[in-house]
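User: I'm new to this one and would like to learn how to read it. Could you walk me through a few features?

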Amino acid sequence: MAYTVTIQNTPWQFQVHEGETVLQAALRQEIPVPWGCGGGVCGVCMGHIVLGEMVYPDGEPIALFEEDAEAGKGLFCVGHPISDLILDLPEMDEDWEPFD
Ligand code: FES
């Protein structure tokens with residue numbers, strides 16, 4: 001089972017396989033998404049879920065406050081899609097560099 005993730009207002013669309021986070025799938029396919037810690041702590045990967053659903057099998061991530069979740073935001077480093085997703089990551093640009 002794979003889901004299709006589309007990043008709104010960018011040319012990027014990619015597949016997320018079962019057991020992968022959105023971030024893992026993006027990196028595997030060399031999609032330049034913003035990220036930092038990779039563990040739900042820093043909040044750098046946060047964006048809006050425009051359409052679709054994502055879950056956190058390892059529990060609610062530390063950096064996702066209740067008000068963010070209620071506003072439709074998600075952390076893609078630890079989120080697993082349970083449907084196709086359309087995401088809005090407005091900070092995406094070609095200059096993005098992950099933290100060291
Ligand atoms: S990369 Fe740090 S919370 Fe997602």
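**Reading the fold, step by step**

Analyst: Let's start with one residue: Glu-30 is exposed because 7 other C-beta atoms lie within 10 Å (exposed means 12 or fewer other C-beta atoms within 10 Å, buried means 20 or more, partly exposed is in between, and C-beta atoms are placed from the backbone). This is a predicted model, where local features need pLDDT of at least 70 and side-chain atom pairs count only at pLDDT 80 or more, while totals for chains, interfaces and linings use all residues. Residues are numbered from 1 along each chain as its sequence is written.

User: Where is Glu-30, and what is its phi near?

Analyst: Glu-30 sits in the loop between α1 and β3 (helices are DSSP runs of H or I with at least four residues, strands are runs of E with at least two, numbered from the N terminus). Its phi is near 60 degrees, a positive value in a residue other than glycine. Asn-9 also isn't a glycine, and its phi is positive at about 65 degrees. You'll find Asn-9 in the loop between β1 and β2, and Asn-9 counts as exposed because it has 10 C-beta neighbours inside 10 Å.

User: How do I read the sheet, and what is the order of its five strands?

Analyst: Strands of a sheet pair through backbone hydrogen bonds, either parallel or antiparallel. Here the sheet is open, ordered β2-β1-β7-β3-β5, with mixed pairing (two strands pair if DSSP finds at least two bridges between them). At the edges are β2 (13-17) and β5 (73-75), each pairing on one side only.

User: Which residues of β5 stand opposite Met-46 and Gly-47?

Analyst: Met-46 faces Leu-75, and Gly-47 faces Gly-74. Both pairs fit with strand β3 (residues 46-51), which pairs with β5 in the antiparallel sense over three bridges. β3 also runs antiparallel to β7, again joined by three bridges; there, Leu-51 has Ile-86 as its bridge partner.

User: What about the core: which residues touch the most other members?

Analyst: In soluble globular proteins, nonpolar side chains tend to be buried together. The largest nonpolar core here has 21 residues, and Val-5, Val-22, Leu-23, Val-33, Cys-45, Phe-76 and Cys-77 touch the most other members (a nonpolar core is a set of buried Ala, Val, Leu, Ile, Met, Phe, Trp, Tyr and Cys residues joined through C-beta atoms within 7 Å). β1 (2-7), α1 (22-28), β3 and β7 (85-88) each give two or more residues to this core, and α1 gives the most, with four.
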